[in-house]
Amino acid sequence: MVKALVIDVEGPVITADERSFLRDADPLGLILFARNVVDPEQVRALAGGFRDAVGRMAPVMTDQEGGRVARLREPHWWPGVAASRLGRAGERAAWLAARLMAHDMAGAGIDVTCAPCLDLGLAGMHDVIGDRAFASDAATVSRTGQAFVDGLLAGGVAPVIKHMPGHGRVGRDPHVALPRCDADLALLAGHDFVPFRALRASPWGMVAHVVYSAVDGARPASCSPLVIERIIRRTLAFDGVLLSDAVDMSALDGPHEDRARACLEAGCDVVVHCNQPLDVRERVAAAVPELAGDAARRVEAAAAARPAPGARLDRARALAELHDLLGPR
């Protein structure tokens, strides 16, 4: 009975209590943070331990965008560079950066990364996105984002496009407070939505904790059937697995199990819940239903779509070529 839930663990090893919880709760996947990461052998063991606990080849994911959002870092891994640098350097640079990070992730047993950000880098936006955006114009974000996705897939790692349907026009950080976007729908459709529609074939996507007043002035996109069905599923034509952004963020309120239910009832396929004590994780897992219907179909399709790593990567040559393309800061 696989639950529509991606969960975390507290440290670099799974405790006995966590192992029992994972076995009983059977979450779809595991998400790793910096606190879970020591070296490649340890991460492989952690990923394997999670899969042993749930008894299947479950997805293990992390946030490896490159630059300031990178859970795998030196000295054992290349941490990548900010998306804004890749946007300036071009598609080949984006492909190489993603391919290099996929090489590291796949080698550590990680098969999904919550990247790339397809949000536009706009004046006045909160720095929670900032240099995580490839560019300010939709065409560049679409092209560079597609190259980044292709590089991940070439390395055997599935992408999660985020933050649907666009996070670039808000001045608040959803980790702290609920952001609101008051732009009109025509502006959003002509700009912010464009990269997400261009990359709609991606197997996974993540919805933003942002209120889009032109569509639903009362609820954030993650809890809004109007945004999810009308915009993400119809306008953007996205039929991949739709993850909530992490429901522990302060953008949402109420008990965490109620937040999870609200996201799923709105149309998210899977809830992401993390950074909480075991008893809170247990309550959320008890509130989340098993995967079924379209959500189960999408998860199966995403698993089937992830290719094995392609041609062997000459890491030193790829890094040298990328360095030349990036040029000086």
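**Briefing: a cavity and a helix pair**

Strand 4 (64-66) and helix 3 (83-89) each supply at least two residues to the lining of the largest cavity. The model is predicted. Two topics follow: the cavity, and the packing of helix 4 against helix 5.

**The cavity**

- The count is 1 cavity of 30 Å³ or more.
- The largest cavity holds about 50 Å³ of space.
- Its lining includes Glu65 and Gly66, which fall within strand 4 (64-66).
- Ala83 and Leu86 also line the largest cavity, and they fall within helix 3 (83-89).
- The rest of the lining is Pro116, Cys117, Arg132, Phe134 and Phe148.
- By class, 6 lining residues are nonpolar, 1 is polar and 2 are charged.

**Helix 4 and helix 5**

- Helix 4 covers residues 91-107, and helix 5 covers residues 138-154.
- Their axes lie 7 Å apart, at an angle of about 30°.
- Angles under 35 degrees count as roughly parallel, so helix 4 is roughly parallel to helix 5.
- The crossing of the two helices is right-handed.
- Helix 4 brings Glu91, Ala94, Trp95, Ala98, Arg99, Met101, Ala102 and Met105 to the contact.
- Helix 5 meets them with Arg143, Thr144, Ala147, Phe148, Asp150, Gly151, Leu152 and Ala154.
- By class, this contact has 10 nonpolar, 2 polar and 4 charged residues.

**Where the topics meet**

- Phe148 lines the largest cavity, and Phe148 of helix 5 is also among the residues that meet helix 4.

Methods
Residues numbered from 1 in each chain as written. Predicted model: local features only at pLDDT ≥ 70, side-chain atom pairs only at ≥ 80, totals over all residues. Heavy atoms only, no water. 1 Å grid on protein atoms, 1.4 Å probe; cavity = no way out; pocket = protein on both sides within 12 Å on 5 of 7 lines; lining within 4 Å. Points joined across faces, edges and corners; volume = space filled by probe spheres on them. Helix = DSSP H or I, 4+ residues; strand = E, 2+ residues; numbered from the N terminus. Nonpolar A, V, L, I, M, F, W, Y, C, P; charged D, E, K, R; others polar. Axes fitted to C-alpha atoms, helices over the stretch in contact; angles between N-to-C directions. Parallel < 35°, antiparallel > 145°, perpendicular 65-115°, else oblique. Left-handed = near helix turned anticlockwise from the far one by under 90°. Contact = heavy atoms within 4.5 Å.
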